[in-house]
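Here is a short report on selected features of one protein chain. Please look over the sequence and the structure before reading on.

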Amino acid sequence: MPLIDSKTGKIKKDYTIEQLIEKTREMRAYNMIAITAAGSGHTGGTLSIMDIAAALYLKKIRHDPENPTWEDRDRVFWSVGHKAPALYLALAEAGYFPLDDTVKLRKLWSGFEGHPNRLKLPGIELSSGSLGQGLGVAVGCALNAKLEGKDYRVYTILGDGELDEGSVWEAMMCASHYKLANLTAIVDRNDLQIDGPTKEVMCLEPLLAKWQAFGWHTIEIDGHDMKEILNALEKAEKVKGQPTVIIAHTLKGKGVSFAEGVVGYHGIPPKDGRRGKESLDRALEDIGDPQFNQEKVDRLLKIASDYQKEVDQKIEDSLPKFSRNYWWNSSPSMQVKMEPTRNGFGRAIEELGNDEKVVALGADITASIRMDKFYDNHPERKNRFFSTGIAEANMTLVASGLAKEGKIPFIGSYGVFVTGRNWDQLRTTVCYNNYNVKIADAHAGISVGADGATHQALEDISNLYYLPNMHITVPADSIETEKVTKTVTYVNGPAVIRYAREATPIVTTSDTPYQFGLANVIRYRSEKKNFMEAFQTKLSLDYTSEKEDLTLIACGPMVAEAMRAAYILKEEYNLESRILNIHTLKPIDQKAILKAAEDTNLIISIEEHQVGGFGNIIAGIIAQHKKYSTPLLMEMIGVEDRFGESGSSWELSKVFGLTAEHIAKRAKELYDKKSR
């Protein structure tokens, strides 16, 4: 069924196979321009799924862009959310929004987020990104059609690496059990995932036989042959009494020579930018759509850059202002070096690998979270590294079995997945048994930036803190990450290292005092050429009150912002701040917190997390133990009960009010209130 008018039933637009092929060429070109303009994105998978996206939205499904919520429309659920640019382009070609707008991909407030958000753009059926969930939603939707006697059809698009997730197989059983003939699953079988070929990460074969064993009708096709795609979709409609899966054999990076079949192009833009051997210009040349001349490409890139300039200005206007600019490295003084905290974890896990008891497990983003450093320069350790594929729950249980037998297993993934999807396994198997499993809570907070809300761990502290036997560390920088990783390895019982993806300020050294379970007290002294030299750090046990005006209690990358806020408060208002670096969140340094509350009577907790996850822990300690000889004012700074956004991590820090400027402004307001 072509695009139709939902009110009259008349055909709006129909495409021939030849026209669809031309459209896919145009979509691939826009895709590469958008990913290049964004500076990030999933080149490989968007190109492999593009022909199927065009076939569905421009030829097969019943839908009306002028009536996106039409009750009788067919539904398509993109379980494989990182291929969102292909979805955006298919919707744009269908008429849901202007095609040129898609070049604003991954930019703040554009709607074209790194993973689809159904609340931001019309035509999107499901906000997705955490793999393995779309098929289950599609099953529920197909069940609803049967309940209400509707004849709409339901489709879901899955990646082949996504099939590692156990939730997919649960949904497969359910769909077969209920004989959902109105449901079609499409697997983008491009044979590659982040860590390598699917057969090496987690073998899926015999894939067709497995789907058949679960009661599905199966069809295999060339996922780039438009005629085969359309024929398969037609056949699926005629199947009775069981759901259908179309295994579409595709080529990752299809149409762009330097990306075709290359594992490394899973989640990056062209390496050479606009020009070069692996560049946008080369990609467009390969795609071969003649309309994309230099003038048009320049115009589209300008749309993206102009939009970014508007965003930059809006963000800058929203920042609290002071007598001068205190932003990182904006002046010759107070210079700071930056490094991703994940690098500190990488250095630590490489050294820890010398211990034969230490083993490591991967869940398909091994290099990104630096878990690969365990074996990268030490091939003899490869037999102590176990890939479990995209299967966080199983990874946790496998690690528990290894821990039971005396090993010290490290597991890791994006923080939102490795502390969320497997929470019950962490609670019941790891913590209840007090197994010695170590968890790399990687890319936590908003550090994944443009990937968007589904990939930003803003709830993990709350999820983990109230698990008995759990130990939690939230290091401030890459150097402290290395220290805490080495330490918690030999702390008996489960432990978490929460660390970030993007480069953040280095605010400690190898000589900075550190002791597991004790806070560090940091004091700003005077402006220096190097940021770190402007501060003095002591263990909380060694610190004597200097009668400061207020206390800033922070963890993780917010420690650096608290330090910069103390700098602003001193230079602008002559206010003295005591900073507590709570690198060990559990067991927490209660004495240091209570002493700060008694000494300053003004506490501000600061977290890169849903507000209160960390702050309520601090408040609870004070409420339970403070003698209240004097009144106390307390404020919490964090993400204000909302999901994340697509944008750079620094943009999001500013938008969510997590910068030193915001901290200093609120601290001054609270101090003035205290003074009154």
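Which residue is the bridge partner of Ile553 in β23? That partner is Ser605. The model is predicted, and what follows should be read as such.

**Strand β20 and its partners**

Ile553 belongs to strand β20, which covers residues 550–554. Five of the five residues of β20 are buried, so the strand is largely enclosed by the rest of the structure. Both of its faces are covered. Leu550, Leu552 and Ala554 lie on one side. Thr551 and Ile553 lie on the other. In a regular strand the side chains alternate between the two faces of the sheet.

Strand β20 pairs with β21 and with β23; the table lists both pairings.

| Partner of β20 | Residues | Bridges | Direction | Residue paired with Ile553 |
|---|---|---|---|---|
| β21 | 577–581 | Five | parallel | Leu580 |
| β23 | 602–610 | Four | parallel | Ser605 |

Ile553 thus has a bridge partner in β23, Ser605, and stands opposite Leu580 in β21. How does the chain get from β20 to β21? The path goes through helix α17, residues 558–573. This β-α-β crossover is right-handed.

**Nonpolar cores**

The largest nonpolar core holds 68 residues. Ile33, Leu56, Tyr57, Val76, Trp78 and Val256 touch the most other members. Helix α2, residues 43–60, gives the most to this core, with 10 residues. Another core, of 47 residues, lies apart from it. Its members include Ile522, Ala562, Met563 and Ala565. In soluble globular proteins, nonpolar side chains tend to be buried together.

What does Trp78 touch, leaving aside neighbours within four places in sequence? Its contacts are Ile49, Ala53, Tyr57, Lys83, Ala86, Leu87, Ser128 and Ile157. Tyr57 is also listed with Trp78 among the residues that touch the most other members of the largest core.

**Asn329 in its loop**

Asn329 sits in the loop between α10 (294–318) and β10 (338–340). Is Asn329 buried or exposed? Neither label fits: at 32% relative accessibility, Asn329 counts as partly exposed, because buried means under 20% and exposed over 50%.

Not counting residues up to four places away in sequence, Asn329 touches Met334, Gln335, Val336 and Met338. With Val336 there is a polar detail: the Asn329 side chain reaches the backbone nitrogen of Val336 at 2.8 Å. Asn530 is 201 residues from Asn329 along the chain. The C-alpha atoms of these two residues are separated by 9.7 Å.

Technical notes: Residues numbered from 1 in each chain as written. Predicted model: local features only at pLDDT ≥ 70, side-chain atom pairs only at ≥ 80, totals over all residues. Heavy atoms only, no water. Buried < 20%, exposed > 50% of the residue type's maximum accessible area, 1.4 Å probe, protein only. Helix = DSSP H or I, 4+ residues; strand = E, 2+ residues; numbered from the N terminus. Pairing = 2+ DSSP bridges. Right-handed = clockwise from strand over helix to strand, strands pointing away. Contact = heavy atoms within 4.5 Å. Polar contact = N/O pair within 3.5 Å; in protein donor to acceptor, adjacent residues only side chain to side chain. Core = buried A, V, L, I, M, F, W, Y, C linked by side-chain atoms within 4.5 Å.
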